Amino acid sequence: EKGTYPHYMLKEIDEQPLVMRKIIQAYQNEMGDLTIDHGVLNAVLAADRIYIVACGTSYHAGLVGKEFLEKTAKIPTEVHVASEFVYNMPLLSENPLFIFISQSGETADSRAVLVRVKELGHPALTLTNVAGSTLSREANHTLLLHAGPEIAVASTKAYTAQIAVLSILSEVAGKVKGFDMEFDLVQELGIVATAMEALTDDKEAFEQIARDFLSTTRNAFFIGRSLDYHVVQEAALKLKEISYIQAEGFAGGELKHGTIALIEDGTPVLALATQENVNLSIRGNVKEVAARGAHTCTIAMKGLEEEGDSYVIPHVHELLSPLVSVVPTQLISYYASLHRGCDVDKPRNLAKSVTVE
Ligand code: M6R
């Protein structure tokens with residue numbers, strides 16, 4: 001039930017700090033250490049390459065998950081859109097593990113790949129919010145998201161839950177492989193939850209950004225580099241689906257290879273700056289578009305902020321920044337949709353789970 005909330009989407013955005021804490025608990029043993037079911041862990045450790053298959057927002061969570069799997073567990077990982085994978089399968093490694101990410105566990109495009117993967121005899125793990133869903137039943141293994149029911153068509157808390165569970169899976173696998181972890185994930189996810197709370201408590205700021213940048217525009221661009229590039233793709237999808245503003249997420253460095261031609265006086269460009277090693281270069285990209293008339297809004301992480309930034313998000317571990325930097329973009333999309341009189345929870349032409357291919 002949405003209780004006093006005007007929309008499920010807003011309620012679900014607000015639930016994210018709680019979901020982070022629930023996930024930590026659900027994946028902790030009596031000693032307080034993070035743990036993953038043995039069957040799942042063995043499947044991950046046996047793989048020479050992981051293939052993440054998903055659609056929409058879950059695909060975007062997969063892009064972030066790949067970063068963890070490669071950086072913390074050192075397992076080569078590819079991320080694929082299910083509807084493409086099924087007709088155009090890449091050359092597979094000798095011992096692949098497939099990870100299906102699906103909030104609903106019912107997405108037909110992902111299921112089509114799972115059916116094919118099973119025919120080929122490869123192991124599959126489903127990451128889902130719905131125990132007993134089709135993708136969960138048909139895969140060899142399941143990890144649950146513990147996000148609670150997600151009702152709004154626009155996925156929010158499932159995205160952050162998917163990323164959090166993938167971070168835990170990668171951390172546990174990395175530890176078993178004997179790698180030194182440079183940080184304490186339980187503690188860092190706790191810091192993330194607190195940071196999310198600070199953002200959800202500051203809604204007026206994001207309502208104002210939506211008013212200033214998106215109330216009448218027909219299009220908008222999001223830019224980022226490295227992990228921020230993954231998040232801006234999700235930010236653009238969110239804005240498109242609920243506000244009907246044509247939006248795209250680009251890698252900052254790609255703009256000059258074509259897209260910058262679209263920048264006119266007043267074109268909104270929202271940039272994320274949470275990664276130290278690309279902070280200078282994304283700042284350069286913001287200047288390039290501003291010089292061509294763009295109306296720029298930069299959301300930076302504490303420690304990397306510069307004068308003139310539109311918003312500064314609390315500092316969290318860089319690798320976990322997508323969990324936090326996505327929240328302002330969710331709220332900005334929510335308010336853009338609201339201001340433009342759109343149906344926030346049930347955007348046109350869309351269904352919560354897409355059960356046709
Ligand atoms: O239930 P799933 O995670 O498999 O759904 C995948 C996509 O259909 C879903 O994420 C969709 O992109 C959302 N409406 C995005 O907000």
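A polar contact is a pair of N or O atoms within 3.5 Å. The model discussed here is predicted.

Q: How far is a nitrogen atom of the ligand from a polar backbone atom of Val-153?
A: A polar contact requires N or O atoms within 3.5 Å. On the protein side, the atom concerned is a polar backbone atom of Val-153. Its distance from a nitrogen atom of the ligand is 3.0 Å.

Q: Which residue has a polar side-chain atom 2.7 Å from an oxygen atom of the ligand?
A: An oxygen atom of the ligand is 2.8 Å from a backbone atom, a polar one, of Ser-155. The contact at 2.7 Å instead uses a polar side-chain atom, and that atom belongs to Ser-104.

Q: What share of the ligand's exposed area does the protein bury?
A: The ligand taken alone exposes 410 Å². Of that area, the protein buries 91%.

Q: Which elements give two or more residues to the shell around the ligand?
A: The ligand takes up the space of the largest pocket. The shell residues divide into 4 nonpolar, 8 polar and 2 charged. Two or more of the shell residues come from each of α4 (56-71) and α11 (227-243).

Q: Why is the protein as compact as a globular protein of that length?
A: The secondary structure comprises 13 helices and 10 strands. For 357 residues the globule rule gives 21 Å, and the protein counts as equally compact because its radius of gyration is close to that value, at 20 Å.

Methods:
Residues numbered from 1 in each chain as written. Predicted model: local features only at pLDDT ≥ 70, side-chain atom pairs only at ≥ 80, totals over all residues. Heavy atoms only, no water. Polar contact = N/O pair within 3.5 Å; in protein donor to acceptor, adjacent residues only side chain to side chain. Areas by Shrake-Rupley, 256 points an atom, 1.4 Å probe, with all protein chains shown as cover. 1 Å grid on protein atoms, 1.4 Å probe; cavity = no way out; pocket = protein on both sides within 12 Å on 5 of 7 lines; lining within 4 Å. Sits in = over half its atoms within 2 Å of the grid points. Helix = DSSP H or I, 4+ residues; strand = E, 2+ residues; numbered from the N terminus. Nonpolar A, V, L, I, M, F, W, Y, C, P; charged D, E, K, R; others polar. Rg over C-alpha atoms; globule rule 2.2 N^0.38 Å.
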